[in-house]
Amino acid sequence: MNALIYSFWAMLNEMSPYLLLGFAVAGVLHAFVPTRVYSKHLAGNGWGAIIKAAALGVPLPLCSCGVLPTAVSLRNNGASRASATSFLIATPQTGVDSIAATYSLLGLGFAIIRPVAALVTALLGGRMVAAVEHDTNDEAKHEGGCSGSCCGDEVANGLAGKLLESLKYGFVSMMKSIGKWLVIGLVVAALITVLVPDDFFARYAQYPLLNMFIVLAISVPMYVCATGSIPIALSLLLKGLSPGAAFVLLMAGPAANFASVLVVRRSFGGRATWAYLASIVGGAVAFGLIIDYLLPAEWFVPALTGYAAQCHHCASWFNIACSIVLVVLLVYSAIDSVMKSKSIKINNMTKEYRIKGMMCVHCQTNVQKGLSMLEGVTRVEVDLAKGIAYVDGEVPADVVVAKIRELGYECEG
């Protein structure tokens, strides 16, 4: 148990300063960049829209569940299948928070290659979708402009209001969004570090491609956010997994899971789904092979050596202070979520809708804002933990269900 706690605390100390920095930057992006910007430039199947979508998606700190309703909303508000797919691939693989955390644990090499690979695979996926799907009616279909939830996320006016919103979003909303998955990732990494023999993956070091496909078979079905995958990748590296195979986990794990595949299948079509999966898997393996066979091995040694040699007595006071702040924020967000769940008021006029696919605060906010825009709705409360939306007002149930499905979720009225 002591070894497990030590391993968890050591990784937390390394990540916490960079995570806090990433959350701060995420809040600034949210508060100062209007969300309608993301849909304004993403219409059309050309390279321009696809490049813009990928470039916008790389720094955004959205996980693979949070990006789903965002991508569907972009699609509903004028973005082509190609650009929406490019955005959908690039966004969950990276983010300002995960790039900073990647540098803290895995070093500069991984931190540079990760956003580059996300950008390249997103461009590849977008072009593949453009080749197999022809959105000739996109412009006509969405002539009405932005009317969905993606444009309903505006923040307060004025510098003070935006700064307050950036702090609230970065250190409260973002913490609720990925906090649970970050803790799960750290716990899994600590368990791997303690329980898996040191030479486990080293036995198969001569088969890096086999290791990559094993990692793919594990990471693609499961859900893991970009930040939560970092400590898991590090612990596997310390057990002998090749850097290229670890990189496959970093890229494929956050970008593809069963939920995202189902949503893409329903919203974008079958051919787009296959192009989406092929670009993620092919891009992850291709960059993994580049890391293992073409890039200098020493690029990945310093971060690992430094981490292995580290002890909890050597952690700086600054890192410890950042870890304490991060833990306090995580505890606060958990308590706040529980309290808000208990404070939801239900009356005889309230209708309940069970929603499948909500996994983070982005999903919760997206559903609440989307349903609030329906004519006749007077109140909407969304319980993320239970996966239930409570709706008051004179609105037909089938209209509510249709709206929920339009946002990218499954619903049981």
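**A walk through the predicted model**

E381 has a relative accessible area of 28%, so it is partly exposed. Partly exposed means between 20% and 50% relative accessible area; buried is under 20% and exposed over 50%, with a 1.4 Å probe and protein chains only. The model is predicted: local features need pLDDT of at least 70, side-chain atom pairs count only at pLDDT 80 or more, and totals for chains, interfaces and linings use all residues. Residues are numbered from 1 along each chain as its sequence is written, and side-chain values use heavy atoms, with hydrogens and water left out.

E381 leads into the salt bridges. A salt bridge here is a side-chain nitrogen of Lys or Arg within 4 Å of a carboxyl oxygen of Asp or Glu. The structure has three of them. E381 pairs with R379, at 3.8 Å from N to O. R379 also pairs with D392, where the closest N and O atoms are 2.8 Å apart. R379 sits in strand β2 (residues 377-383) and D392 in strand β3 (residues 388-393), so this pair ties together parts that are 13 residues apart in sequence. R379, E381 and D392 thus appear as a linked network of salt bridges. D392 is buried, because its relative accessible area is 6%.

Another salt bridge joins K403 and E406, with the closest N and O atoms 3.5 Å apart. Both residues lie in helix α18 (residues 397-406), three residues apart, about one turn of the helix. The partners differ in cover: K403 is buried, with a relative accessible area of 10%, while E406 is partly exposed at 39%.

Now the whole chain. The secondary structure comes to 18 helices and four strands. These are DSSP runs numbered from the N terminus: helices are H or I with at least four residues, strands are E with at least two. Of the 413 residues, 53% are buried. The chain exposes about 17800 Å², and carbon and sulfur atoms supply 67% of that area. Accessible areas come from the Shrake-Rupley method with a 1.4 Å probe; for residues, only the protein chains shown count as cover. Among contacts with a separation of 6 or more, 84% involve residues 24 or more positions apart. Contact means heavy atoms within 4.5 Å.

Next, the interior. In soluble globular proteins, nonpolar side chains tend to be buried together. The largest nonpolar core holds 76 residues, and F23, L106, F247 and L326 have the most contacts inside it. Helix α9 (residues 159-195) gives the largest share of this core, 10 residues. A nonpolar core is a set of buried Ala, Val, Leu, Ile, Met, Phe, Trp, Tyr and Cys residues joined through side-chain atoms within 4.5 Å. Leaving out residues up to four places away in sequence, F23 touches D97, G170, F171, M174, M175, I178 and L326. Another core, of 19 residues, lies apart from it; I355, V367, V400 and L407 are among its members.

V367 also belongs to the buried residues of helix α17, together with V361, H362, C363, Q364, N366, G370 and L371. Helix α17 (residues 361-372) has 12 residues and reaches 16 Å from its first C-alpha to its last, close to the 16 Å expected at 1.5 Å a residue. The expected span is 1.5 Å times one less than the number of residues. Helix α5 (residues 81-93) can be checked likewise: its 13 residues should span 18 Å, and its end C-alpha atoms are 19 Å apart, which agrees. Cover is the other point about α5: 13 of its 13 residues are buried.

Helix α14 (residues 270-293) contains T273. T273 counts as buried because its relative accessibility is 5%. Beyond neighbours within four places in sequence, T273 is in contact with V261, V264 and R265. F287 is found in α14 too. At 15% relative accessibility, F287 is buried. Its contacts, not counting residues up to four places away in sequence, are I113, V116, A117, V120 and F247. The C-alpha atoms of F287 and T121 are separated by 9.6 Å, though their positions lie 166 residues apart along the chain.

V116 takes us out to the surface. This residue of helix α7 is partly exposed, because its relative accessibility is 42%. Y103, L108, I112, V116 and V120 form a nonpolar surface patch, with about 440 Å² of accessible area together. Four of the patch residues come from helix α7 (residues 108-132), the largest share. Patches take residues with over 30% relative accessible area and no salt bridge; like charges are joined within 9 Å, and nonpolar side chains (Val, Leu, Ile, Met, Phe, Trp, Tyr) within 5 Å.
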